[in-house]
Amino acid sequence: MSFPLHRPRRLRRTEKLRNLVRENRLHPAGFVYPMFVCPGTKVHEEISSMPGIYHQSVDQIVEECREVESLGISGVILFGLPETKDARGTSSLGKDGVVQRAVEAIKKAKLDVLVITDVCLCEYTDHGHCGVVENGEIVNDATLEILSEQALSHARAGADLVAPSDMMDGRVGALRAKLDENKFQNVAIMAYSAKYCSGFYGPFREAAHSAPLVGDRRSYQMDPANSNESLREVAMDIEEGADIVMVKPALAYLDVIRRVRDNCDLPVAAYNVSGEYSMVKAAAAKKWIDEKRIVLEILTGIQRAGAGIVLTYHAKDAARWLKN
Ligand code: PBG
């Protein structure tokens with residue numbers, strides 16, 4: 001018998017062979033593209049900390065959604081930059097809010113893209129927290145009512161899915177009840193279930209003007225050192241009616257994605273967040289890395305960890321690269 005009998009290299013010899021035995025394939029159908037809606041018309045301003053990503057008015061959002069559709073990307077997730085902010089995030093609720101108008105416009109254009117809305121208060125509150133603040137505390141239950149109203153207004157505008165990212169306890173149940181009471185039983189909930197308190201959101205906070213003025217988000221977002229807790233959060237969200245569960249960020253939490261995948265039978269999403277994106281863009285601009293290669297490797301890694309859905313600012317580039 002010749003040695004070695006097993007030669008794993010046999011299946012790595014040619015691209016045909018490698019393709020035959022490949023365990024994970026990226027496809028734009030698994031991507032969701034995040035977008036930032038602002039007031040005005042014809043606004044298209046690059047976010048300095050996130051090259052290639054823009055603040056855009058509703059008309060421009062619709063145009064980019066056409067491109068997203070043509071690339072075969074399944075959906076977009078919308079974040080709003082409102083005209084005004086107050087203590088309770090009131091500008092997130094109106095029919096004429098930026099996100100509501102964008103949803104309506106995308107639907108009116110009859111584009112074949114799923115419209116997902118981020119449900120949270122931090123972009124709409126003057127203090128920048130994801131919930132209502134009383135005596136220096138982010139109060140949970142008072143926040144739920146506002147979040148449910150916000151989700152309902154997104155559903156009324158035509159959202160296909162709502163995605164609560166606030167990390168208040170009980171928000172998935174509150175949203176589900178509110179949506180059902182108002183006959184929006186077909187609007188699905190993609191819950192940011194295991195959302196960690198992360199430094200990787202840095203560029204997003206500049207993009208969404210949502211950095212907290214005082215304090216941080218440690219009292220509601222998860223401690224990066226915890227893993228078991230993610231299963232508890234996921235289990236609660238499923239019990240409360242979540243349709244899709246999410247882990248966020250992705251790259252420093254690939255183990256969490258894997259555990260969640262192995263412990264539940266719902267679709268699992270992962271958010272390849274702003275800091276993860278901006279690091280790649282910065283290194284690529286310096287020509288320190290091969291952007292295409294690294295982005296596809298990162299997205300493959302997130303999928304291999306167990307996420308069938310990836311929210312990523314790289315979605316359009318990746319979809320183009322996958323075509324060629
Ligand atoms: C809002 C929200 C955040 C992100 C998504 N929804 C920021 C935060 O929690 O501070 C982060 C997205 C990103 O970094 O790309 N709560």
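In this predicted model, Leu161 of strand 8 stands opposite Ala188 in strand 9, and this contact belongs to a parallel pairing in which 2 bridges join strand 8 to strand 9, the latter covering residues 188-195. Strand 8 also pairs with strand 5 (residues 114-119), again in the parallel sense, over 4 bridges, and within that pairing Thr117 stands opposite Val162. In a regular strand, side chains alternate between the two faces of the sheet. In strand 8, which spans residues 161-164, both faces are covered: Leu161 and Ala163 are buried on one side, while Val162 and Pro164 are buried on the other.

Another buried position is found in helix 3, which comprises residues 98-108 and includes Val99. Val99 has a relative accessible area of 1%, and because buried means under 20%, Val99 is counted as buried. The C-alpha atom of Val99 is separated by 23 Å from that of Gly275, a residue 176 positions away along the chain.

The charged side chains can be followed through their salt bridges, of which the count comes to 18. One of them joins Arg320 and Glu67, with an N to O distance of 2.8 Å. Arg320 lies in helix 11 (residues 315-323) and Glu67 in helix 2 (residues 58-70), so this pair ties together parts of the chain that are 253 residues apart in sequence. Arg320 is partly exposed, with a relative accessible area of 33%, and Glu67 likewise counts as partly exposed, at 30%.

A further salt bridge is formed by Glu149 and Lys178, whose closest N and O atoms are 3.0 Å apart. This pair links distant parts of the chain, since Glu149 is in helix 4 (residues 140-157) and Lys178 is in helix 5 (residues 171-181), 29 residues apart. The two partners fall into separate accessibility classes, for Glu149 counts as partly exposed at 30% relative accessibility, whereas Lys178 is buried, with a relative accessible area of 14%.

Helix 11 takes part in another such contact, in which the side chains of Lys281 and Asp317 meet in a salt bridge with an N to O distance of 4.0 Å. Lys281 lies in helix 9 (residues 274-285) and Asp317 in helix 11, so the pair ties together parts that are 36 residues apart in sequence. Lys281 counts as buried, at 15% relative accessibility, while Asp317, at 21%, counts as partly exposed. Salt bridges that share partners join Lys281 and Asp317 with Glu64, Glu67, Glu291, Lys316 and Arg320 into one network, and the Arg320 to Glu67 contact described above, at 2.8 Å, thus involves two members of that network.

The surface near the start of the numbering remains to be described. There, Arg7, Arg9, Arg10 and Arg12 gather in a patch of positive charge. Arg10 is found in the segment before helix 1, which covers residues 15-21, and counts as partly exposed, at 44% relative accessibility. Leu11, Leu20 and Val21 make a nonpolar surface patch of about 280 Å². Within this patch, Leu20 is found in helix 1, and its relative accessible area is 64%; because exposed means over 50%, Leu20 is classed as exposed.

Conventions. Residues numbered from 1 in each chain as written. Predicted model: local features only at pLDDT ≥ 70, side-chain atom pairs only at ≥ 80, totals over all residues. Heavy atoms only, no water. Patch = residues over 30% accessible without salt bridge, like charges linked within 9 Å, V, L, I, M, F, W, Y side chains within 5 Å. Areas by Shrake-Rupley, 256 points an atom, 1.4 Å probe, with all protein chains shown as cover. Lys, Arg positive; Asp, Glu negative; His and termini not counted. Charge placed at Lys NZ, Arg CZ, Asp CG, Glu CD. Buried < 20%, exposed > 50% of the residue type's maximum accessible area, 1.4 Å probe, protein only. Pairing = 2+ DSSP bridges.
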